[in-house]
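User: Got a minute to go through this one with me? I'd like to start with the overall layout and work inward.
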Amino acid sequence: MTEVRIHALGHLGDGIARHNGEEVFVPFALPGETVSGQLEGNRIEQPKIITPVSDRIKPACRHFKSCGGCTTQHARDEVLAAWKLDQVKTTLSQAGLETEFRPLITSPPHSRRRAVFSGRRSKSGTIVGFHQRGSNDLIDLLECPLVTPKIWAAIEGLRPLVLIGASRKAEVRLTVTEADNGIDVDVSEAKDLTPQQQSELGLIATRHGFSRITWNGEVSVQAEPPYQTFGRAQVVPPPGAFLQATRDGEQALLSAVKEAVGNADRIADLFAGCGTFTLPLAEQADILAVEGDQSMVGALLQGWRAASGLHRVEGVARDLFRRPLLPAEFKGIDAVVIDPPRSGAVAQVTELAKSPVSRIAFVSCNPATFARDAHILVDAGFVLDWVQVVDQFRWSAHAELAAQFTRG
Ligand SMILES: C[S@@+](CC[C@H](N)C(=O)[O-])C[C@H]1O[C@@H](n2cnc3c(N)ncnc32)[C@H](O)[C@@H]1O
């Protein structure tokens, strides 16, 4: 047995200690705690907490220790908020970026509006849940304090879908999204449907209030198009399309974006998705919305056309990695919103830096690529005015942010 004292939380949420001059990582351990356990390599996987600190709390979920979904339910919210903010500050400062950091905003428990469960058949029925930490085994969930009550209530309706689509060896993937008018279920990696199973899906949808069931990419049942409300518009996202993880997080990002674009009259929204920012911003400005996925652009435009009182929106499907908007294309644009995927947007930001644009709202789900891209803007004369860290993935190590850049 090895005994160590934890002095910090690492970027994945493990406690960090020093032992014989080397760093040792200890899951579920907090700074100030002494823990003991079997040291394997540089990890103590199953620590015994000898001196717990007052920052330690009872995890919100009975599955916490085994479930791969959450890593940090054992600490108070204030500790986790300080840790996440510090992670982002450190990443930015290592890239030479200093700025004002606003207090972190965390989404509450029971607010995740999309979850990706796995399901397979078992001896006695079905297992629906998340994988165990570091394993392919599935946990049959008895509770999940992350997801919305409506998503949790949908679990029972997923079981008959698993019976149809999975075997005891082969799992199905179940992406469940809470729409404003019901639950949208996307089943993938499933066995093909027989005509009889196809009609059973209709009954399952009615019984469990599913507005749409998509099976291996094909819409199988659509009682009602499942829509999301963005500002005054209602949008029906394509199955599995990107959505911000929580409504609270989306609102926090949107208000930061609105502040950053100020009273611009013409805005370019790059990596626009289904219109999370485009459609609320279209209440104040004309928008050029650019997004790589043609079906998402189609959904955004359909929502815009059906809404009333919005400014003009032009939707363009374009691969912004390979064909970024060029400086001349920003002519007449007062402000840019950019919200790329995790890999960031180095090609687009490089062109943006050369453009006449002087106001940018940057939303990022990866502080490391954000720091790299922000540097390009700062080198081109932009000032990073502030950063708002938004934690939509509570109890995980993931952090998102919105930031304002301006130049004179
Ligand atoms: C983080 S999401 C943001 C979406 C939207 N702003 C929102 O808040 O819902 C990133 C978006 O970038 C799109 N995307 C990914 N790669 C792309 C590319 N090479 N060119 C254009 N868009 C891309 C994805 O389809 C996705 O909608």
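User: How far apart are the C-alpha centres of domain 1 and domain 3?
Analyst: They lie 37 Å apart. Keep in mind that this is a predicted model.

User: And where do the domain bounds fall along the chain?
Analyst: Domain 1 covers 2-56, domain 2 is made of 80-108 + 245-406, and domain 3 is 114-222.

User: OK, strands at the start of the chain. How does strand 1 run against strand 4, parallel or antiparallel?
Analyst: Antiparallel: strand 1 (residues 2-9) and strand 4 (residues 34-37) are joined by four bridges. Thr-2 sits opposite Gly-37, and Arg-5 has Thr-34 as its bridge partner.

User: What stands opposite Thr-34 in strand 7?
Analyst: Thr-51 does. Strand 4 and strand 7 (residues 48-51) pair over three bridges, again in the antiparallel sense.

User: How many bridges does strand 1 make with strand 2?
Analyst: Three, with the two strands antiparallel. Leu-9 is bridged to Gly-15 of strand 2. Their hairpin has five residues between the strands, and Gly-13 has a positive phi near 100° there.

User: Next topic, the six-strand sheet. What's the strand order?
Analyst: The order is 10-9-11-12-13-14, in an open sheet with mixed pairing. Strand 10 (126-129) and strand 14 (218-222) are the edges, each pairing on one side only. On average, neighbouring strands in this sheet are turned by 20° against each other, ignoring direction.

User: Which helix packs on that sheet and touches strand 9?
Analyst: Helix 2 (residues 149-165). Besides strand 9 (114-121), helix 2 touches strand 10, strand 11, strand 12 and strand 13 (210-215), and its direction makes about 150° with that of strand 11.

User: What about helix 3, which strands does it lie across?
Analyst: Helix 3 (residues 195-208) lies across strand 13 and strand 14, at about 50° to strand 14.

User: Back to strand 11 for a second. How many bridges join it to strand 12?
Analyst: Seven, between strand 11 (residues 172-179) and strand 12 (residues 182-188), which run antiparallel. Ala-179 has Gly-182 as its bridge partner in strand 12.

User: Now the eight-strand sheet. What order are the strands in?
Analyst: 8-22-23-21-20-17-18-19, and this is an open sheet with mixed pairing too.

User: Why is one side of strand 8 and of strand 19 left without a neighbour in the sheet?
Analyst: Because strand 8 (100-106) and strand 19 (313-317) are at the edges, where each has a single partner strand. As for twist, neighbouring strands of the eight-strand sheet are turned by 15° against each other on average, direction ignored.

User: How does strand 18 run relative to strand 19, parallel or antiparallel?
Analyst: Parallel, with five bridges between strand 18 (residues 286-291) and strand 19. Glu-291 stands across from Ala-317 of strand 19.

User: Which strands does helix 4 lie across?
Analyst: Helix 4 (residues 247-261) crosses over strand 8, strand 17 (266-270), strand 20 (335-338), strand 21 (359-364), strand 22 (383-391) and strand 23 (400-406), running at about 160° to strand 21. Helix 8 lies across strand 21, strand 22 and strand 23, at about 165° to strand 21.

User: Helix 8 and helix 1, then. How do their axes cross?
Analyst: The axes of helix 1 (residues 77-94) and helix 8 (residues 367-379) come within 9 Å and cross at roughly 35°. The crossing is right-handed.

User: Which residues make the contact?
Analyst: Val-88, Thr-91 and Leu-92 from helix 1, and Pro-367, Ala-368 and Ala-371 from helix 8. That contact has five nonpolar residues, one polar and no charged.

User: Last thing, the ligand. Which residues come nearest?
Analyst: Phe-271, Gly-273, Thr-276, Gly-292 and Asp-339, out of 18 residues around the ligand.

User: And how does the shell split by class?
Analyst: There are 10 nonpolar, four polar and four charged residues around the ligand.

How values were computed
Residues numbered from 1 in each chain as written. Predicted model: local features only at pLDDT ≥ 70, side-chain atom pairs only at ≥ 80, totals over all residues. Axes fitted to C-alpha atoms, helices over the stretch in contact; angles between N-to-C directions. Left-handed = near helix turned anticlockwise from the far one by under 90°. Contact = placed C-beta atoms within 7 Å. Nonpolar A, V, L, I, M, F, W, Y, C, P; charged D, E, K, R; others polar. Near = placed C-beta within 6 Å. Domains from an automatic or database assignment. Pairing = 2+ DSSP bridges.
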